[in-house]
Amino acid sequence: MTGTHHAGTSPATDYEVVIGLEVHAQVVTESKMFCGCSSRYSGAPPNTLVCPVCLGMPGSLPVMNRTAVEATIITALALNCEIPEFSKFDRKNYNYPDLMKGYQISQFDLPFSQAGWLEFDDPANPGQMRRAGITRVHLEEDTATLKHVRDSSGETYSLMDVNRAGVPLMEIVGDPDLRTADEAGSYLRAVRQILRYLGVSTANMDEGAFRCDANVSLRPWGQAEYGAKVEVKNMNSFRSVVRAIEFEMVRQRDILDAGGRIVQETRGWVDDRAITVTQRSKEAAHDYRYFPEPDLPPIITPAAEVERLRSLLPELPDAKRHRFANAYGMTSDVADTLTQTRALAEYFEQTVNLSDNARAAANWITRDVLRILGTTGAEIDQILLTPAHLADLIKLLDTGTISVRTAPEVLEEAVNTGSMPREIVQQRGLGQVSDTDALTTAVADAIASNPKAVADYRAGKATAMGFLVGAVMKATRGKGNPGLVNELLKQQLDG
Amino acid sequence: MGAPGQPAGHTRHMHVTREHLVGISGDLTALTAPEARDLLVRRQISATELAHAVLGQIERTESQVRSFITVTADEALAQARAADVALGGSDPGATPPLTGIPVALKDLFCTTGVQTTAGSRILEGFIPPYDATVVARLRAAGAVFVGKANMDEFAMGSSTENSGYHPTHNPWDVSRVPGGSSGGSAAAVSAGQAILSLGTDTGGSIRQPASLCSVTGLKPTYGRVSRYGVVAFASSLDQVGPFSIGVEGSAMVLQAIAGADPMDATTAPFAVPDYRSTIRDGVKGLRIGVPAEYFTAGMEPDVERLVREAIQTLTSLGATVHPVSLPYSEHGLATYYIIAPAEASSNLSRYNGIKYGLAALDEVDMTRAMDATRQRGFGNEPKRRIMLGTYALSSGYYDAYYRKAQQVRTLIKADFDNAFASVDVIASPVSPTVAFKMGARTDDPLAMYLSDVCTIPVNVAGLPGISVPCGFDHQGLPVGLQLIGKAFDEATLFRAAFAYEEATSFHRQRPPLAEQADSEASVNQAAMGAGNAAGGPQRAPHA
């Protein structure tokens with residue numbers, strides 16, 4: 001795609017900035033990519049989730065994890081990719097101690113998918129979408145982790161944990177279609193949201209389950225060829241991705257402005273100094289010597305299998321957002337909020353189904369439920385307040401059983417105890433008094449004990465009515481149905 | 001635990017006796033696997049005495065042959081005792097088919113708790129925590145493991161001189177090589193140091209040493225036998241296979257090890273036929289293809305003569321001979337020496353001292369320690385092939401070398417497909433020459449590589465091939481006949497090879513070195529006669 005230009009936010013206004021992102025996402029599976037070891041390594045003692053295969057023992061062989069392959073293809077379908085019938089794994093050869101076999105099993109020229117696209121919020125035009133091409137989504141294996149240690153005597157050594165080695169890793173390669181750092185951030189959020197919607201990855205960046213490398217280059221406006229590309233690594237938050245790209249744009253612009261030329265290289269983002277530094281020059285770049293993995297047969301994905309996987313796709317964030325806005329008549333902001341996660345959207349729709357009041361459900365969720373999640377740090381499916389609870393509360397309000405004033409108290413009790421709002425109202429006697437007889441007495445008392453207000457009302461002072469309603473409510477400790485109280489007062493005063 | 005055999009002369013059934021099979025000498029190391037099975041099941045011999053016989057033969061001949069990197073005598077005797085318990089049960093015939101039969105394993109099969117070096121110093125001290133699938137299957141079949149056989153380092157070689165430990169000598173002439181890379185496995189069976197052995201064949205590494213040592217050696221179809229736990233040389237070519245005296249022993253081993261393995265995605269999901277049920281069906285009507293291209297210039301006249309005589313013998317048994325053409329086989333060697341080193345350069349990357357084996361701990365820096373480990377641990381041949389393979393896969397050269405080689409591979413395969421449209425097996429020499437003198441080709445890699453010119457195309461095409469003894473040249477050195485089969489048609493190879501061996505006696509001839517040991521061996525063997533509960537060599541001969 002050619003892309004529209006958003007020079008406004010760019011610190012490199014004399015040049016067009018070209019950005020392409022490579023996202024690595026760990027795939028959620030029970031077992032690792034090529035062996036039966038558990039892939040849930042988080043929190044496990046070092047080197048406890050290992051076997052001859054993921055340790056790269058002599059003679060060990062990989063066996064493909066079908067679930068990871070399906071997760072990759074489903075992701076590719078969600079990113080509008082083509083799924084070729086014939087695919088294969090390749091070996092990417094390089095030497096590093098965290099690489100158990102001396103090569104990584106990856107995919108080179110025939111990946112599981114290619115030529116897709118993704119739409120994301122245009123940060124320069126709120127409410128508008130931008131589209132970026134997806135080059136490919138392929139599957140590979142994660143490496144072990146190294147920890148470099150310096151002991152008290154100053155000696156340095158490295159510790160290795162092989163638990164992570166062989167965990168399936170999906171690589172989503174984006175086309176160089178992004179033009180600003182903010183677009184990169186928006187694109188990343190869209191990718192993460194889709195991965196989470198599909199349930200194929202936790203996509204948590206701080207846990208290392210979601211990583212991003214950025215390819216950044218500059219070119220004079222109007223020039224067709226790309227400038228020399230710099231690959232930036234080591235960003236460990238969305239914020240650092242945006243900051244690293246912004247830094248790199250300025251650094252490259254300054255070099256070009258000074259008449260220099262950009263060196264094609266790999267640079268690392270140093271977060272505490274907020275700069276990028278040279279890691280590896282093009283001359284020192286690896287020749288990975290890719291060749292087809294002889295230990296794994298090629299993978300054939302017939303069209304029928306692609307269609308079966310496509311049928312498993314859930315409604316994606318974008319579609320859901322549009323449907324919410326249209327079907328429930330909500331603003332795009334509210335629709336956006338309610339579709340943040342698939343679980344929240346489902347919570348909303350279940351509440352609507354049970355309460356038949358979308359507007360109330362949206363209000364309660366965007367206001368109170370999200371506040372509860374924010375203060376407790378809990379996930380939507382972890383709180384005691386289920387859609388059934390919320391729907392119950394909404395119905396109590398809609399039928400006039402409780403007043404708007406008592407609702408927050410009921411909600412709080414339901415959140416804390418998990419009791420149904422109906423039961424809470426009953427136990428605490430919080431129901432509105434709509435009993436005409438009981439209220440008639442309270443109304444008569446109020447009229448009798450407030451002659452001045454009655455006189456004022458009869459003299460035409462509108463505020464006097466409010467005073468009398470307040471007196472009745474006080475007498476019924478807030479449980480009087482305000483509409484009914486009004487009606488009864490008028491009857492007795494006017495009658 | 002005692003040997004549960006019947007006392008001599010008190011066999012309950014009128015079956016073949018021990019004396020009938022083993023002969024007056026009583027040398028159990030001369031038994032074929034089916035003979036040993038028969039005697040064990042009928043309790044004419046015990047597994048313990050058979051293990052003692054084989055271990056005794058190792059003790060007597062090993063200094064001349066040097067077949068082993070590791071001899072596992074204690075483990076073997078323990079396994080033999082367990083086998084005797086099983087054979088002592090109510091139905092010894094129901095025991096697993098290799099119960100109590102001594103087997104040598106090429107030292108690249110991972111064996112739980114027993115050092116596995118692949119013939120390389122870089123794996124010295126590596127004790128695998130797991131069994132290769134084939135080892136596990138042999139274990140389940142009751143085999144007794146006598147040791148880990150010597151080999152060319154990482155199976156790279158044709159003489160077993162490239163071992164990082166010591167060369168192995170040909171039992172027929174200890175000044176000559178046994179072939180390779182499975183030279184230790186071939187020599188061990190030839191010298192009676194094991195009844196059976198297991199090797200691997202990437203370009204001829206089973207068939208060529210089988211030919212040079214006058215034993216039967218089978219390279220099964222790629223995908224027939226699991227490679228899990230087999231130290232990899234060239235993954236798309238490596239295949240595990242047996243050595244035996246006599247064809248039936250190889251059939252017994254293949255029966256035990258063949259079949260799909262969930263741990264090896266390249267194994268084929270096909271059922272394994274009962275090989276011994278068709279092995280005696282003869283060759284009447286069998287169509288044998290003879291490719292002119294495999295009788296090359298540079299072939300020793302005796303080799304060509306003996307192979308052609310062998311084909312003649314098969315026709316006299318009812319087979320028919322048809323000329324076939326395999327023109328692309330000429331490029332087999334070149335193709336192989338791109339693909340195999342390319343895969344090897346990658347397969348050998350994992351040996352860097354970080355996880356197992358040799359580690360250059362004197363180096364302070366991580367990267368330098370990895371480099372130094374590889375510099376010190378690998379011998380010249382692996383280094384040569386790592387360089388060749390790295391070059392062939394390098395960016396800018398991939399298309400000209402690796403991709404081109406894969407294309408030629410397809411053509412070589414197509415040649416065989418064409419030929420097999422009109423024949424059932426293809427007959428050729430195994431090696432253009434008999435066993436050569438030690439050191440004769442060590443300084444000339446290309447001459448060494450040419451040892452496998454007739455076997456390599458079979459690996460490149462992924463087909464099964466068997467080497468059977470077909471005579472001796474004018475110096476008394478063994479020659480082998482190669483029979484190549486259709487994919488997954490090992491049954492026909494066994495049938496043809498068995499018919500040939502039944503009509504000849506070459507396979508029963510033993511190297512003098514093995515026989516020399518007999519006078520001594522027979523004393524012990526007789527002393528351990530059937531019914532000797534201790535199974536030890538302490539008693540006087542009774543014959």
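Two residues are said to be in contact here when heavy atoms of theirs lie within 4.5 Å. With that in hand, let us walk through this structure, which is a predicted model.

A good place to start is B:Ile122, found in the loop between strand S2 (102–106) and helix H5 (133–140) of chain B. Setting aside neighbours within four places in sequence, B:Ile122 is in contact with B:Phe154, B:Tyr351, B:Tyr356, B:Gly357, B:Leu358, B:Thr373, B:Arg374, B:Gly377 and B:Phe378. One of these partners, B:Leu358, is 236 residues away along the chain, yet the two C-alpha atoms are separated by 4.9 Å. Is B:Ile122 buried or exposed? Its relative accessibility is 2%, so B:Ile122 counts as buried.

How far can we trust chain B as a whole? Its pLDDT averages 90, and 90% of its residues score at least 70. Two stretches call for more care. Over residues 1–14 of chain B the pLDDT is below 50, and this stretch has 27 contacts in the model beyond near neighbours in sequence. The pLDDT is also below 50 over residues 517–543 of chain B, where the model has 49 contacts beyond near neighbours in sequence.

Now turn to chain A and look for its open sheet. Here 8 strands are arranged in the order S5-S6-S9-S1-S10-S11-S12-S13, with mixed pairing. Strand S5 (116–121) and strand S13 (275–281) of chain A each have a single partner strand, so one side of each is left without a neighbour in the sheet. On average, neighbouring strands of this sheet are turned by 30 degrees against each other, direction ignored. Within the sheet, strand S10 (residues 210–220) and strand S11 (residues 230–235) of chain A pair in the antiparallel sense over 4 bridges. If you look along S10, you can find A:Asn215 standing opposite A:Glu231 in S11(A).

Helices lie across these strands too. Helix H1 (residues 66–78) of chain A lies across strand S6 (129–141) and strand S9 (168–174) of chain A, and runs at about 165 degrees to S6(A). Helix H3 (residues 238–257) of chain A lies across strand S1 (15–26), S10, S11, strand S12 (265–270) and S13 of chain A, running at about 25 degrees to S10(A).

Chain A also holds a hairpin, formed by S7(A) and S8(A) with 5 residues between them. Strand S7 (residues 145–150) and strand S8 (residues 156–161) of chain A run antiparallel and are joined by 6 bridges. A:Leu146 has A:Met160 in S8(A) as its bridge partner. In the turn, A:Gly154 has a positive phi of about 95 degrees.

Further along comes helix H14 (residues 463–475) of chain A, whose 13 residues reach 19 Å from first C-alpha to last, close to the expected 18 Å. Which residues of H14(A) are buried? They are A:Ala464, A:Met465, A:Leu468, A:Val469, A:Val472 and A:Met473. An α-helix has 3.6 residues a turn, so residues three or four places apart point the same way. Just after H14(A), A:Arg477 takes a positive phi of about 50 degrees.

Finally, consider the cysteines. A search of the whole structure finds 0 disulfides over all chains. For A:Cys35, the nearest cysteine sulfur is that of A:Cys51, 3.7 Å away, while a disulfide needs the two sulfur atoms within 2.5 Å. A:Cys35 counts as buried, at 12% relative accessibility. Why is B:Cys110 without a bond? Its sulfur is 13 Å from the closest cysteine sulfur, in A:Cys51, which is too far. B:Cys110 counts as buried as well, at 0% relative accessibility.

Definitions and conventions
Residues are numbered from 1 along each chain as its sequence is written. Chains are lettered from A and ligands numbered from 1 in the order in which they are written. This is a predicted model: local features need pLDDT of at least 70, side-chain atom pairs count only at pLDDT 80 or more; totals for chains, interfaces and linings use all residues. Side-chain values use heavy atoms; hydrogens and water are left out. Two strands pair if DSSP finds at least two bridges between them. Helices (H or I, at least four residues) and strands (E, at least two) are DSSP runs, numbered from the N terminus. Axes are lines fitted to C-alpha atoms, for helices over the stretch in contact, and angles run from 0 to 180 degrees between N-to-C directions. The expected span of a helix is 1.5 Å times one less than its number of residues. Buried means under 20% relative accessible area, exposed over 50%, partly exposed in between (1.4 Å probe, protein chains only). pLDDT is the predictor's confidence in each residue, from 0 to 100.
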